[in-house]
Amino acid sequence: MNLSMSIAEIAKAINGEIIYINKSVGDGILDVPKIKNISTDSRKILPESLFYAIKGEKADGHDFISQAIENGALGVVAESEKNNVKRFDLQHENIAIIAVKDTVQALLDTSKYYKSKFKKLEKTVAVTGSVGKTTTKEFIYSVLVGKFTTKKSEGNFNTEIGLPFTLFSLGEDTEALVLEMGMSGFGEIQKLSETANPNTAVITNIGTSHIEMLGSREGIKKAKFEILDGMSYDANIILNADEPLLYSEKNKTGKKEYFFGINNREADFTAENIKFDYEKNISEFSVKNYKYKIPAAGIQNVYDALPAIIVGKIYGLSNEKIQAGFNNFQNAKMRQNIYDLNGITIIDDCYNASLESVLAAFDVLSGIADKTNGRKIAVLSDILEAGDYSEEIHAKIGKAAAEKNISTYLFGEKSKATFDAMFQSGGDCFYTPDKSDIVDVIYGDVKKGDVILFKASRGMAMETVIEAFKNKFI
């Protein structure tokens, strides 16, 4: 970070009350240096930091205010209710306390204010959707960075806590910003959109992720469309025309609409003449008679690249500039990264999973194995946050794996339904409730030429299985 904001400036931006400054001279003197860093972790206080006491699922930041001050924080943002601001020793000099109603909202408001200071930043693109939002974000970034000084969300910085830190990374030369917006319930994307004020937004699709919290695909759609709430009347919205729940909103959003697709011929941007080279991990397709090539094989990657073409066109890039951006595309870690391990092809796609993304990954697995003549293997675990739909979703995955003749290794409580569906369909499958047993079984079965997909919800930590499997070859 390279912030430079006064305590008074921040307090005004977040509608906070400065209740204590410099005990030795009284509240009347603002004797605190400029804030240059923001932290929500009392253990990681950088010089000249302001600590936001966030109440999380596992810990309450108010319990660590004293630790933050001892570690060098110049000030604290704390919630005024329940006397939170008095829950630490006030014997420190030159410490500012800003009392607010909600520290999460204060963090969002601080980042919103900070973003408003950058006049060169005229292009803010926000991406959400049930599947493919991270890859779509990376495609958009690869296109824009070729012409503009561009920042993007890194890692999982797509939440009410993470997104502000992307905004805090802005610099004076930043011209474009690409943000991923995630959610698990209603109201979350609304807050993110109202913080970032995107002038272009993408909704990749409507799937089943987080259906436990949102009740139905219609509920998921409603939550995704909250992205409009922080956008001006002349903003752009990019939607998947092959998703009926999105296409039904045509001419209803109040924004300038662009639809993309493959099957819906009414889309504004349609991918045609699609070809995949799974061995080289390449997809080729045409849009408006221009042939594009992306370094990622599979139909889902074509869908993820189409919004980047539209964004490029909105911001004045030629077809050639867009293709040059695609040439430099690099997908995020643990998202369909394909590589060789001792003659075995690994598909590392374990960052997260849903019904739709697993089925799309099966197509990539089958495409590669068909070329290499190797055995198709999937190492899978639970799809989380599926609620009452959990058993149905896991059973559909099992039936699909059996139909595609994929040998499947499963762990996790919910994945028992996948195993049962596969077993009943005559599929080749192995199940254990505990992942500690699975690596030895896989290692004992695989042979050179095989293709292995690793995929599960984030909470199942499938990357630890991949690492343990790799270590078998050392």
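Q: How many helices and strands does the protein chain have?
A: We're looking at a predicted model here. Going through the protein chain, you'll find both kinds of element, helices and strands. The tally is 16 helices and 21 strands.

Q: What radius of gyration does the protein chain have, and what would a compact globule have?
A: Start from the length, which is 474 residues. A compact globule with that many residues would have a radius of gyration near 23 Å, and the protein chain agrees with that. Its own value is 24 Å.

Q: What does the C-alpha trace of the protein chain span along its principal axes?
A: Picture the C-alpha trace laid out along its principal axes. The three spans come to about 80 × 50 × 40 Å.

Q: What share of the residues of the protein chain count as buried?
A: To count as buried, a residue needs a relative accessible area under 20%. Apply that to the 474 residues of the protein chain, and the buried share is 57%.

Q: What share of the contacts between residues at least 6 apart in sequence join residues at least 24 apart?
A: Take the contacts in the protein chain whose partners are at least 6 apart in sequence. Then ask how many of those join residues at least 24 apart, and the share is 64%.

Q: How much of the area that the protein chain exposes do carbon and sulfur atoms supply?
A: The protein chain exposes about 20500 Å². Of that area, the part supplied by carbon and sulfur atoms is 46%.

Q: How far apart are the centres of the positive and negative side chains?
A: There are 57 positive side chains and 65 negative ones in the protein chain. Each set has its own centre, and the two centres lie apart by 4 Å.

Q: How many disulfides does the structure hold?
A: A disulfide is a covalent bond between the sulfur atoms of two cysteines. Two cysteines to look at are Cys 350, buried with a relative accessible area of 0%, and Cys 429, which counts as buried at 18%. As for disulfides, the number in the structure is 0.

Q: Is Asn 289 buried or exposed?
A: Asn 289 sits in the loop between β14 (282-287) and β15 (290-294). Its phi is near 70 degrees, a positive value in a residue other than glycine, and most residues other than glycine have a negative phi. With a relative accessible area of 79%, Asn 289 is exposed.

Q: Where does Asn 405 lie?
A: Asn 405 also comes with a positive phi, near 60 degrees. At 62% relative accessibility, Asn 405 counts as exposed. Its place is in the loop between α13 (390-403) and β19 (407-411).

Q: Is Ile 368 buried or exposed?
A: Ile 368 lies in helix α12 (residues 355-372). Leaving out residues up to four places away in sequence, Ile 368 touches Tyr 278, Ile 338, Thr 345, Ile 347 and Val 451. Its relative accessible area is 3%, and a residue under 20% counts as buried, so Ile 368 is buried.

Q: What is the C-alpha to C-alpha separation of Ile 368 and Lys 288?
A: Along the sequence, Ile 368 and Lys 288 are 80 residues apart. In space, C-alpha to C-alpha, the separation is 29 Å.

Q: Which residues does Phe 473 touch, not counting residues up to four places away in sequence?
A: Phe 473 lies in the segment after α16 (462-471). At 25% relative accessibility, Phe 473 counts as partly exposed. Its contacts are Leu 341, Asn 342, Ile 344 and Tyr 443.

Q: Which residues is Tyr 443 in contact with, leaving aside neighbours within four places in sequence?
A: You'll find Tyr 443 in helix α15 (residues 438-445). Tyr 443 is partly exposed, with a relative accessible area of 36%. The contacts of Tyr 443 are Phe 469, Lys 472 and Phe 473.

Q: How far apart in space are Tyr 443 and Asp 234?
A: In sequence, Tyr 443 and Asp 234 are 209 residues apart. Going C-alpha to C-alpha, their distance in space is 56 Å.

Q: How far apart in space are Ile 7 and Ile 98?
A: Ile 7 is found in helix α1 (residues 7-13), and Ile 7 is buried, with a relative accessible area of 1%. Ile 7 and Ile 98 are 91 residues apart in sequence. C-alpha to C-alpha, they are separated by 8.2 Å.

Note on methods
Residues are numbered from 1 along each chain as its sequence is written. Side-chain values use heavy atoms; hydrogens and water are left out. Helices (H or I, at least four residues) and strands (E, at least two) are DSSP runs, numbered from the N terminus. The radius of gyration is taken over C-alpha atoms; the globule rule is 2.2 Å times the number of residues to the power 0.38. Buried means under 20% relative accessible area, exposed over 50%, partly exposed in between (1.4 Å probe, protein chains only). Contact means heavy atoms within 4.5 Å. Accessible areas come from the Shrake-Rupley method with a 1.4 Å probe; for residues, only the protein chains shown count as cover. Lys and Arg count as positive and Asp and Glu as negative; His and the chain ends are not counted. The place of a charge is taken as NZ of Lys, CZ of Arg, CG of Asp or CD of Glu. A disulfide is a pair of cysteine sulfur atoms within 2.5 Å.
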